[in-house]
Amino acid sequence: MPELPEVETTRRGIAPYLEGREIHEVIVRNRRLRLPVPEGLENALVGSRIGPLSRRAKYLILPIESPTDGAPAGEASRVEGEARRALLWHLGMSGSLRIARLGDAPKKHDHVDLVMEGGAILRYHDPRRFGFLDWLEGDVTNDRRLVRLGPEPLLPAFDDDRLFDRSRKRRLAVKPFLMDNAVVVGVGNIYAAEALFLAGIDPRRAAGQISRERYVRLTAAIREVLSAAITQGGTTLRDFVSGTGEPGYFAQRLNVYGRDGEPCRRCGRELRLVTLGQRASVFCPNCQT
Ligand code: ZN
């Protein structure tokens, strides 16, 4: 499943082919994604330009500048600043975006193409169809899906106090606590498990019973595992510019995730599996307390 680092890597990989360019054609082969592809999207997009891509949690945001944007505003009724139109794109469980070239034949599960000025094609592939794209009008940051999200883990708002302050009186185990998007976004199952290992914290421990000092270490560990994944993703960027195969979601060297029963890389003890919040969690009972 694409997690925050994959979505960020996707944003960086596709942005140079989209930003500032005009959309020449929109091809929808299958509208039945998690949300149906909006009717009329094709006509609404053709002739528009794509603005600077951004990401919020695991959502990609593609601002859409209609041909009249940027023209001198004759009336004071024109809303300034945050009023925008945008595409909100979520990759779901199995979605991916890559850049294809004119003449690259679509494969099975290639559901949507944006054909850009210059010949690059943004191509959406999603075998399980849990992803979606939706049309946003107005201030994107006020969208109901975005407005309640916690801070981005790699930005300053995710500071050393955030986890400690949010966890007081919480009996929930720390791992599902970390995976709550209202606490911090983008810490999925893999990265929660890996960060807890780096910080030496038992994933079963009640969130409200962890000291501020340990949360400071955990905050640094979260930043470290996510940054490392994004850096590693950078080496696979070329995979986004190709008509061949699946995009470059990368296999990282993981310390605990998926290693149930294998020896701990730090102490050699056997790693254990527990289920927390319906998610499998692997940890070292010796290094994580
Ligand atoms: Zn260990």
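Student: What makes helix α6 (residues 189-199) count as mostly covered?

Tutor: In this helix, 10 of its 11 residues are buried. Buried means under 20% relative accessible area, exposed means over 50%, and partly exposed is in between, with a 1.4 Å probe and protein chains only. The buried ones include Tyr191, Glu194, Leu196 and Phe197. As for the names, helices (H or I, at least four residues) and strands (E, at least two) are DSSP runs numbered from the N terminus. Just past the end of α6, Gly200 takes a positive phi of about 70 degrees.

Before we go on: this is a predicted model, where local features need pLDDT of at least 70, side-chain atom pairs count only at pLDDT 80 or more, and totals for chains, interfaces and linings use all residues. Residues are numbered from 1 along each chain as its sequence is written, and side-chain values use heavy atoms, with hydrogens and water left out.

Student: Fair enough. Which residues are the protein donors of the zinc ion, and how do you know that they are donors?

Tutor: They are Cys264, Cys267, Cys284 and Cys287, each through its SG atom, at 2.2 to 2.4 Å from the zinc ion. Donors are N, O and S atoms within 2.8 Å of the metal (3.2 Å for Na, K and Ca), so these sulfurs qualify; water is not among the atoms, so sites may look incomplete. Along the chain, the donor residues follow the spacing C-x2-C-x16-C-x2-C. One pair of them links distant parts of the chain: Cys267 sits in the loop between α7 (212-234) and β10 (272-276), and Cys287 in the segment after β11 (279-283), 20 residues apart.

Student: Why is the site of the zinc ion called tetrahedral?

Tutor: Look at the angles among the four donor atoms, which run from 102 to 113 degrees. Four donors count as tetrahedral if all angles lie between 85 and 135 degrees; four count as square planar and six as octahedral if opposite donors are over 155 degrees apart and all others between 65 and 115, and anything else is irregular. The site passes the tetrahedral test. For reference, the ideal angle for four tetrahedral donors is 109.5 degrees.

Student: Is Cys287 buried or exposed, and how do you know?

Tutor: Cys287 has 17% relative accessibility, so it counts as buried. Cys267, at 32%, is partly exposed.

Student: What makes Asp161 and Arg212 a salt bridge?

Tutor: Their closest N and O atoms are 2.5 Å apart. A salt bridge is a side-chain nitrogen of Lys or Arg within 4 Å of a carboxyl oxygen of Asp or Glu, so the pair qualifies. Asp161 is in the loop between α3 (144-147) and α4 (162-167) and Arg212 is in helix α7, so the bridge ties together parts 51 residues apart in sequence. Both ends are partly exposed, Asp161 at 30% and Arg212 at 36%.

The structure holds 17 salt bridges. Among them is Arg98 with Asp110, at 3.5 Å from N to O, which joins strand β6 (residues 96-101) to strand β7 (residues 110-116). Both Arg98 and Asp110 are buried.

Student: Why is the pair of Phe177 and Tyr215 called tilted?

Tutor: The search of the whole structure finds three aromatic pairs. In this one, the rings are 6.3 Å centre to centre, with 55 degrees between the planes. Rings of Phe, Tyr and Trp (its six-membered ring) pair if their centres lie within 6.5 Å; planes under 30 degrees apart count as stacked, over 60 as edge-to-face and the rest as tilted, so 55 degrees falls in the last group. Phe177 is in helix α5 (residues 174-178) and Tyr215 in helix α7, so the pair ties together parts 38 residues apart in sequence. Both Phe177 and Tyr215 are buried.

Student: What makes Lys169 stand out in its phi?

Tutor: Phi of Lys169 is near 70 degrees, a positive value in a residue other than glycine. Most residues other than glycine have a negative phi. Lys169 lies in the loop between α4 and α5, and its 84% relative accessibility makes it exposed. Gln278 also has a positive phi, of about 65 degrees, without being a glycine. Gln278 is in the loop between β10 and β11 and, at 76%, is exposed.
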